[in-house]
Amino acid sequence: MRNRPSLSIGLLYFDTPIGTLNATIDSTIAAVKNAKRMGFLAQCTVYLLDNSPEDAFSIQEIKTRITREGIVFKFIKNEENIGFSRAHNLAIFESKDKFHL
């Protein structure tokens, strides 16, 4: 059996409509499940990166959707909009996975 890598995925949002975030989460879950099923991926961690000024939706509900699919979930709440690159750097520095998307 070949060595399968681990992957972290950062999903960044800033005042994102819930429908858009849900579609992104659904697509991410489907892609990760497919990669695991095909033997390309050992494990995955999804980082939800929040740059929004206010809490707009239930993080617990999102966590449940992701973790019930065997995907590790991490949440990073920024106090302000720190930008795309800086928010992803927080996830990359925390991640123990081989690759980040």
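Pro-17 sits in the loop between strand 1 and helix 1 of this predicted model. Its relative accessibility is 51%, so Pro-17 counts as exposed, the cut-off being over 50%. Along the sequence, 41 residues separate Pro-17 from Ser-58. In space, the C-alpha atoms of Pro-17 and Ser-58 are 13 Å apart.

Asp-15 belongs to the loop between strand 1 and helix 1 as well. With a relative accessible area of 52%, Asp-15 is exposed. The backbone of Asp-15 also deserves a look. Its phi is near 50 degrees, a positive value in a residue other than glycine. Most residues other than glycine have a negative phi.

Helix 1 contains Ile-18. The relative accessible area of Ile-18 is 41%, so this residue is partly exposed: the value falls between the 20% and 50% limits. Ile-18 and Phe-57 lie 39 residues apart in sequence. Their C-alpha atoms are 7.5 Å apart in space. Asp-26 also has its place in helix 1. Asp-26 is partly exposed, at 44% relative accessible area. Between Asp-26 and Lys-74 there is a separation of 48 residues along the chain. The distance between the C-alpha atoms of Asp-26 and Lys-74 is 16 Å.

Another residue to consider is Asn-3, in the segment before strand 1. Asn-3 has a relative accessible area of 73% and is therefore exposed, since the cut-off is over 50%. Asn-3 and Phe-40 are 37 residues apart along the chain. Their C-alpha atoms are separated by 8.8 Å.

The fold as a whole can now be described. The protein has three helices and four strands. Read along the sequence, these elements follow the pattern β-α-β-α-β-α-β. The radius of gyration is 14 Å, and the globule rule gives 13 Å for 101 residues. These two values are close, so the protein is as compact as a globular protein of that length. Taken along the principal axes, the C-alpha atoms fill a box of roughly 45 × 25 × 20 Å. Contacts add to this picture. Among contacts between residues at least 6 apart in sequence, 78% join residues at least 24 apart.

The interior comes next. Of the 101 residues, 38% count as buried. The largest nonpolar core holds 18 residues. Within this core, Ile-62 and Ile-66 touch the most other members. Four elements give two or more residues to the core: strand 1 (6-13), helix 1 (18-37), strand 2 (43-50) and helix 2 (59-67). Helix 1 gives the most, with five residues. A second core is separate and has six residues. Leu-49, Ile-76, Ile-82 and Ala-91 are among them.

The contacts of Ile-62 can be listed by name. Leaving aside residues up to four places away in sequence, Ile-62 touches Leu-21, Ile-25, Leu-48, Phe-57 and Phe-73. Leu-21 and Ile-25 fall within the range of helix 1 (18-37), and Leu-48 falls within strand 2 (43-50). Phe-57 is thus a partner of Ile-62, and the C-alpha atom of Phe-57 also lies 7.5 Å from that of Ile-18.

The surface and the charges complete the description. The protein exposes about 6,200 Å². Carbon and sulfur atoms supply 54% of this area. There are 13 positive and 11 negative side chains. The centres of the two sets of charges lie 14 Å apart.

Technical notes:
Residues numbered from 1 in each chain as written. Predicted model: local features only at pLDDT ≥ 70, side-chain atom pairs only at ≥ 80, totals over all residues. Heavy atoms only, no water. Rg over C-alpha atoms; globule rule 2.2 N^0.38 Å. Buried < 20%, exposed > 50% of the residue type's maximum accessible area, 1.4 Å probe, protein only. Contact = heavy atoms within 4.5 Å. Areas by Shrake-Rupley, 256 points an atom, 1.4 Å probe, with all protein chains shown as cover. Lys, Arg positive; Asp, Glu negative; His and termini not counted. Charge placed at Lys NZ, Arg CZ, Asp CG, Glu CD. Core = buried A, V, L, I, M, F, W, Y, C linked by side-chain atoms within 4.5 Å.
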